[in-house]
Amino acid sequence: MTLNQLIYFQTIARLEHFRKAAEDLNISQPSLSHSMSSLEEELGLKLFKRNGRNITLTKYGKIFLEKIDKILFELDLAQKHMKQLSGTHGHIDIAYVYPLSYSYIPKLVREFLSIEDNKNTTFSFHQQITVDIIKGLMSERFDVGFCAFADNSDEIEFVPLIKQEMVVITSKSHELSKQDKVRLKDVEKYQVIGYDRSSGLGKLTKNIFLDNGIHPEIVHECPDENSIASLVAEDFGIALVANIDSLKNHSINILKIDDYNIDHTVYFAYKKDNYQLKAIKKFIEFTTKHGKLY
């Protein structure tokens, strides 16, 4: 059974006439008749019955037509969708770490869509931790990602975009809250709420402590700054976190680190040497040029 046979069958059923169908399909009538005979033989059923010069569908022809109409309709939709993706429309699956969801990603995408040639591009948004973003890029589930650097991902291109200052946060009632700055070593004196150890920032903060000979008591682990800040606000502990905009929404104090200048870099990532739709190429070019915040 071929796609042509299905189209031939649908056309004959619509016109109820072999000669007219052959003219509509721009093939010879004998070729059309032979194709339908082969189809009936393959199915083991009669699809047509003669009614003078016209033909009508048998009971089984009507059942088959119902199925074929659905198949060809979906095929037509798929073809139109693929043409849209390859043209000015396009769709982008974008993944990003939590801190960027508050402001950075919405603004970046809105600026991209404000350009006339990009206005028909659609996006799917996925909030993930770095390790899952890298996995998604490798499996082509995601087209682009915004995450921490992963040094074991040779197939991924990483473009540095954002530097986030690392700060210590405390509750309003904590004894450190009266200070504007804090020494990194002072963190060791208190219970600490940390990032999920498998996340990019979880690994970064662990290395910061190890490199400086600091061994804090990690009492809780959380996936992002908001969940950490919520616990800090209720005096579950203090935390070393990236200074993101949404921290201002919590009842906490933000203290700069006096003896070290520690930054966390967020990267724009995509798979190297991978086939990309025009829309994805344009978004990569746009983000690389306009998305840097230093």
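**Figure 1. Aromatic pairing in the predicted model.** In this predicted model, the count of aromatic pairs comes to 15. One of these is formed by phenylalanine 112 and phenylalanine 283, whose rings meet edge-to-face, with 5.1 Å from centre to centre and 90° between the planes. The two partners belong to distant parts of the chain, 171 residues apart: phenylalanine 112 lies in helix H5 (residues 104-113), and phenylalanine 283 lies in helix H9 (residues 278-290). Both phenylalanine 112 and phenylalanine 283 are buried.

**Figure 2. The tilted pair of phenylalanine 268 and tyrosine 270.** The ring centres of phenylalanine 268 and tyrosine 270 are 5.8 Å apart. Their planes stand at 55°, which is not over 60 degrees as edge-to-face requires and not under 30 degrees as stacking requires, so the pair is classed as tilted. Phenylalanine 268 has a relative accessible area of 0% and is therefore buried. Tyrosine 270 has a relative accessible area of 17%; this value is under the 20% limit, so tyrosine 270 is also buried.

**Figure 3. A cluster of linked aromatic rings.** Ring pairs join Tyr104, Phe112, Phe123, Phe125, Phe146, Phe268, Tyr270, Phe283 and Phe286 into a cluster. Among its members are Phe112 and Phe283 of Figure 1, together with Phe268 and Tyr270 of Figure 2.

**Figure 4. A nonpolar patch on the surface.** Leu3, Ile7 and Leu75 make a nonpolar surface patch of about 230 Å². Of these residues, leucine 75 is placed in helix H4 (residues 59-86). The relative accessible area of leucine 75 is 41%, which falls between the 20% and 50% limits, so leucine 75 is partly exposed.

Notes
Residues numbered from 1 in each chain as written. Predicted model: local features only at pLDDT ≥ 70, side-chain atom pairs only at ≥ 80, totals over all residues. Heavy atoms only, no water. Phe/Tyr/Trp six-rings, centres within 6.5 Å; stacked < 30°, edge-to-face > 60°. Helix = DSSP H or I, 4+ residues; strand = E, 2+ residues; numbered from the N terminus. Buried < 20%, exposed > 50% of the residue type's maximum accessible area, 1.4 Å probe, protein only. Patch = residues over 30% accessible without salt bridge, like charges linked within 9 Å, V, L, I, M, F, W, Y side chains within 5 Å. Areas by Shrake-Rupley, 256 points an atom, 1.4 Å probe, with all protein chains shown as cover. Salt bridge = Lys/Arg side-chain N within 4 Å of Asp/Glu carboxyl O.
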